[in-house]
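Subject: Structure handover

Hi,

Here is the structure I promised to pass on. My notes follow below it.

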Amino acid sequence: QTLYLSGLTVVGVLIMVNLTLYLAIEKQFAQVLGYWVLLMVVGISITDLSVFLGWGHVLVFICPLWLTLNGVGYFLTGIELRSRMFFLLSGCQIIAILFLPLAGIWQPLTTGIVISICAFLVAELQWDADGVCLSQLQPAPRSSNEVVAET
């Protein structure tokens, strides 16, 4: 099961790289993409090693580990894109770690819900990133026909 889920995560990372490669190259956000790939590889490696080598003391903290990795990823993305939304999502991940002990045996489910909600918010909400979404706030260039019609 561990190998299957790790493989699924690697496939997800490859899809993420493929889908965001244009943005990484065109908008020069390759560093953000690199951060996320590194964080996911670190997370997969620690998770797999803890399962295969029987590191029970690490497995106990696997949910806070993944929330921390995601929180760091959102924080670094917030810095790179200068986006308050990513800082907010980073804070949500870190705050979730504080409340995780209250979830008891439901910590994996709670972790999955927090990570999923944050990913959903990234997909559905408009970011306040420098140059990424701000262009939508600027008026469209006017054609010469519109200028002539007004005069």
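Leaving aside its neighbours within four places in sequence, which residues is F86 in contact with? The list is Y74, F75, T77, G78, L81, V122 and W127, again leaving aside neighbours within four places in sequence. Bear in mind that this is a predicted model.

**The core**

F86 is also among the residues with the most contacts inside the largest nonpolar core. The others in that group are M40, W66, Y74, L89 and V122. The core has 22 residues. Two or more residues each come from helix 2, helix 4, helix 5 (84-99) and helix 6. Helix 4 gives the most, with 7 residues. Y74 and V122 appear both in this group and in the contact list of F86.

**T77**

T77 is another contact of F86. T77 sits in helix 4. Is T77 buried or exposed? T77 counts as buried, because its relative accessibility is 4% and the cut-off for buried is under 20%. Its side chain makes a polar contact of 2.8 Å with the side chain of W36. A polar atom of the T77 side chain also lies 2.7 Å from the backbone oxygen of G73. Beyond neighbours within four places in sequence, T77 is in contact with V32, W36, R82 and F86.

**The largest pocket**

W36 turns up again here. The largest pocket holds about 1000 Å³ of space. It is lined by 28 residues, and the closest to its centre are M16, W36, N70, Y74 and A119. Helix 1 (2-26), helix 2 (30-52), helix 4 (62-81) and helix 6 (107-124) each give two or more residues to the lining. By class, that lining has 20 nonpolar, 8 polar and no charged residues. Y74 is thus named twice: by the centre of this pocket and among the residues with the most contacts inside the core.

**The second largest pocket**

This pocket has a volume of about 210 Å³. Its lining is Q1, T2, L5, S6, L8, T9, I44, T47, D48, V51 and W66. Helix 1 and helix 2 are the elements that give two or more residues. The largest share, 5 residues, comes from helix 1. The lining divides into 5 nonpolar, 5 polar and 1 charged. W66 lines this pocket and is also one of the residues with the most contacts inside the largest nonpolar core.

Over to you.

Key:
Residues are numbered from 1 along each chain as its sequence is written. This is a predicted model: local features need pLDDT of at least 70, side-chain atom pairs count only at pLDDT 80 or more; totals for chains, interfaces and linings use all residues. Side-chain values use heavy atoms; hydrogens and water are left out. On a 1 Å grid over the protein atoms alone, a cavity is a set of points where a 1.4 Å probe fits but cannot get out, and a pocket is an open set with protein on both sides within 12 Å along at least five of seven lines; lining residues have an atom within 4 Å of a point. Grid points are joined across faces, edges and corners, and a volume is the space filled by probe spheres set on the points. Helices (H or I, at least four residues) and strands (E, at least two) are DSSP runs, numbered from the N terminus. Ala, Val, Leu, Ile, Met, Phe, Trp, Tyr, Cys and Pro count as nonpolar, Asp, Glu, Lys and Arg as charged, and the others, Gly among them, as polar. Buried means under 20% relative accessible area, exposed over 50%, partly exposed in between (1.4 Å probe, protein chains only). A polar contact is a pair of N or O atoms within 3.5 Å; within protein, one must be able to donate a hydrogen and the other to accept it, and residues adjacent in sequence count only if both atoms are side-chain atoms. Contact means heavy atoms within 4.5 Å. A nonpolar core is a set of buried Ala, Val, Leu, Ile, Met, Phe, Trp, Tyr and Cys residues joined through side-chain atoms within 4.5 Å.
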